[in-house]
Amino acid sequence: MTPSLVYAECPLDRSAHRRSDAVWLEARLLDPVTQVLPVWRGCGLVTKDERPRLAAVAGAEARSVLALAAEAVFLGTDSHGVAWFAADISSRDEAESGRLAGDRRFADLRQIGAVIDRGEGAVLAYARAIVHWHRHHRFCGACGAATVSAEAGHVRRCTATGCGETMFPRTDPVVIMLVTRRTADGDACVLARQARWTPGLMSTLAGFVEPGESLEQAVAREVREEIGLNVRRVHYRASQPWPFPLSLMVGFRAEADASEEITCMQGELEVARWFERDAVAAHVAAGGKLPFRGTIARALIDGWLEG
Ligand SMILES: [Zn+2]
């Protein structure tokens, strides 16, 4: 799949070997060129431009942000070798975050994901996801004691004597699939919508992978549960980090039997139906929407439209 996907092309080298190098990390935190990206309640600091730019801070401002932060996570190094950190300042109130923002703003990727530079959006997505993970793993799942950040923010460890529980940042796999069929009359794909979506938006099916399930099984189960179709030939296409909050979208094409009819099962779907290629164009021409370019859902649809 060729089109570039938002959040999928993080330009930072994660430099994982540095995560346990306390001396190097300490020096980077004092280095005036080091970039610190403040994250406040899921939102990253960006400029107020129509096409916002990432507004990481450096020098004295970086040190004051780090002083406000609950957690600092080493994200990696950029192409100039400069270290990047994310700093979670979510515990600060609106007034304080507003003072810090100054003539910039804290923005949710959900609002700016389609327009921000792809690489900068990917850095924000990475920062947003890992900061979210820290905020939701402050206590040990095994014994309930407090946990502390380790490995420059890529591990949390339980503080209770004798427990030893170690937690790693989570990523939840979600399968997202374009279901297609081939008949004598031509090809068609399934587009569907949930009632809570933007009016007019039609998209692919998707669902979380369950424990003990392969990705292919998850595709088949979700399609059966949501629209009552059996699919064969499930093919992987591409994947995309989806930091809302901690998902990885794994994209597939899945072929259904031509004879089978869609039954909207009880669930989140408001409508689901077959669209031939010209019906997709007609949907858009009539003011209907597809997912924005850069989402894996749109790439799956466009890839099929292009044959
Ligand atoms: Zn514990």
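**Entry 1: the zinc site**

I began with Cys 143, which counts as partly exposed at 41% relative accessibility. I note at the outset that this is a predicted model.

I then looked up what Cys 143 binds. Together with Cys 140, Cys 158 and Cys 163, Cys 143 coordinates the zinc ion, each through its SG atom, at 2.2 to 2.4 Å. I recorded the site as tetrahedral, since the angles among the four donor atoms run from 99 to 114 degrees. Along the sequence, I found the donor residues spaced C-x2-C-x14-C-x4-C. Cys 143 sits in the loop between α5 (118-135) and β6 (147-150), and Cys 163 in the loop between β7 (155-158) and β8 (166-167), so this pair ties together parts that are 20 residues apart in sequence. For Cys 163 I noted a relative accessibility of 27%, which makes this residue partly exposed as well.

**Entry 2: the search for disulfides**

I next asked how many disulfides the structure holds. The number is zero. For reference, a disulfide is a covalent bond between the sulfur atoms of two cysteines.

Why does Cys 189 form no such bond? The closest cysteine sulfur, in Cys 264, lies 15 Å from the sulfur of Cys 189, which is too far for a bond, as the cut-off is 2.5 Å. I checked Cys 264 from its own side: the closest cysteine sulfur is that of Cys 189, again at 15 Å and too far. I also compared their surroundings. Cys 189 is buried, with 0% relative accessibility, whereas Cys 264 is partly exposed, with a relative accessible area of 36%.

**Entry 3: strand β4 and its neighbours**

I turned to strand β4, residues 83-88, and asked how many of its residues are buried. I found that six of its six residues are. Both faces of β4 are covered: one side carries Ala 83, Phe 85 and Ala 87, the other Trp 84, Ala 86 and Asp 88.

Which strands pair with β4? Strand β1 (residues 35-40) pairs with β4 in the parallel sense, over five bridges. Strand β3 (residues 71-77) pairs with β4 in the antiparallel sense, over six bridges. I followed Ala 86 in particular: Leu 37 stands opposite Ala 86, and Ala 86 is also the bridge partner of Val 73.

Finally, I examined the connection from β3 to β4. These strands form a hairpin with five residues between them. In the turn, I noted that Gly 81 has a positive phi of about 85 degrees.

Methods: Residues are numbered from 1 along each chain as its sequence is written. This is a predicted model: local features need pLDDT of at least 70, side-chain atom pairs count only at pLDDT 80 or more; totals for chains, interfaces and linings use all residues. Side-chain values use heavy atoms; hydrogens and water are left out. Buried means under 20% relative accessible area, exposed over 50%, partly exposed in between (1.4 Å probe, protein chains only). Helices (H or I, at least four residues) and strands (E, at least two) are DSSP runs, numbered from the N terminus. Two strands pair if DSSP finds at least two bridges between them. Donors are N, O and S atoms within 2.8 Å of the metal (3.2 Å for Na, K and Ca); water is not among the atoms, so sites may look incomplete. Four donors count as tetrahedral if all angles lie between 85 and 135 degrees; four count as square planar and six as octahedral if opposite donors are over 155 degrees apart and all others between 65 and 115; anything else is irregular.
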